[in-house]
Amino acid sequence: MALPKAELHLHIEGTLEPDLAFELAGRNGVSLPYGSVEELAAQYRFYDLQSFLDLYYATMDVLRTGDDFAELTRRYLARASEQGVRHVELFFDPQAHVARGVRIEEVVDGIGAALDEAERDLGITSGMILCFLRDEPVESADRILSAGLTRTDRVIGVGLDSAEVGYPPALFEAVYRRAREAGLHVVAHAGEEGPAGYVREALDLLGAERIDHGIRSIEDPELVARLAHERIALTVCPLSNLRLRAVPDLADHPLHRLDEAGVAVTINSDDPSYFGGYIGDNFVAVRDALGLSADQASRFARNAIEASFAPEKRKAELLQELEAWRG
């Protein structure tokens, strides 16, 4: 039995495997600048966040219809189920799609249809988190929030992603205030390439309930103590941090040091098709590079369940599954 997991840091566009990219390109008449699946896969090597984002946005162009988003999500969920995911709160980037002429309803309804199938057929519960692209104008984020607020039947929260350096959380304070006032949960990417100070801003100015990545918090002992005291979960993505050179080697990753300091660390996959592995693969990579006992793995899984925005009844069910796994 796989360790029951909640995945809290997963960009659905980042699950676009090369074979599906070519399949959708053919379906939608989109020309990719690569001659084969293998040639595209060979591009999945990055030297920093921006080099990844350039390819990420280019391949995203094959996503045109609700059926495309449904198929993308369906394939992620099948893999996630095999690796023990029982609940997922996935990110999506509507600004990147609306800018290409795709209606936000196509995105939300396509993803949502696949999530409904997964709950029925795989027992995976879920939520959708609308992310703002921090390197786009704040006015664009405000407009996409207005669109998202018409779909609170699906959207449970907002997040902040894309290029971090030079785009501090403070820029989005007013947008986040609107989201909170509308009753949405709020999370934010901070402290991956950006400094620990961005984590503080996300907490103090945005009211972030979780921090996505947050690994550079380790550079600020007072911040680490605060995260531990306030039980602010970090949604850490080890293979992503390695591929984007946020850490030089997994053996240098601060995950265990944060855990030992009492921070509610969780393990997630981020953009798994680009970074070499889904959530279970990240657990295995941590085990191989840093060591990972059954107690540690169970603690990380428990942290994710407790930090999720699932209803309390669902959390209790997931925690019961976790206890069964521990035997």
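**Questions about a predicted model**

Reader: What makes S240 count as buried in this predicted model?

Author: S240 has a relative accessibility of 0%, and since buried means under 20%, S240 counts as buried. This residue lies in helix α11, which spans residues 238-243, and, leaving aside residues up to four places away in sequence, S240 touches E192, H213, D270 and F275.

Reader: How do you know that the buried residues of α8 line one face of the helix?

Author: The buried residues of α8 (residues 173-181) are V175, Y176 and A179. Looking down the axis of α8, one finds these buried residues within an arc of 95 degrees, so they line one face of the helix. In general, an α-helix has 3.6 residues a turn, so residues three or four places apart point the same way. The buried residues of α8 pack against β3 (125-133), α7 (138-148), β4 (155-161) and β5 (185-190).

Reader: How do you know the way in which α4 and α6 cross, and which residues make the contact?

Author: Two packed helices are described by the angle between their axes and the distance between the axes. For α4 (residues 66-82) and α6 (residues 104-121), the axes come within 7 Å and cross at roughly 35 degrees, and the crossing is right-handed. The contact is made by residues including F69, A70 and L77 of α4 and V107, I111 and L115 of α6. By class, this contact of α4 with α6 has eight nonpolar, three polar and three charged residues.

Terms used
Residues numbered from 1 in each chain as written. Predicted model: local features only at pLDDT ≥ 70, side-chain atom pairs only at ≥ 80, totals over all residues. Heavy atoms only, no water. Buried < 20%, exposed > 50% of the residue type's maximum accessible area, 1.4 Å probe, protein only. Helix = DSSP H or I, 4+ residues; strand = E, 2+ residues; numbered from the N terminus. Arc of directions from axis to C-beta. Contact = heavy atoms within 4.5 Å. Axes fitted to C-alpha atoms, helices over the stretch in contact; angles between N-to-C directions. Left-handed = near helix turned anticlockwise from the far one by under 90°. Nonpolar A, V, L, I, M, F, W, Y, C, P; charged D, E, K, R; others polar.
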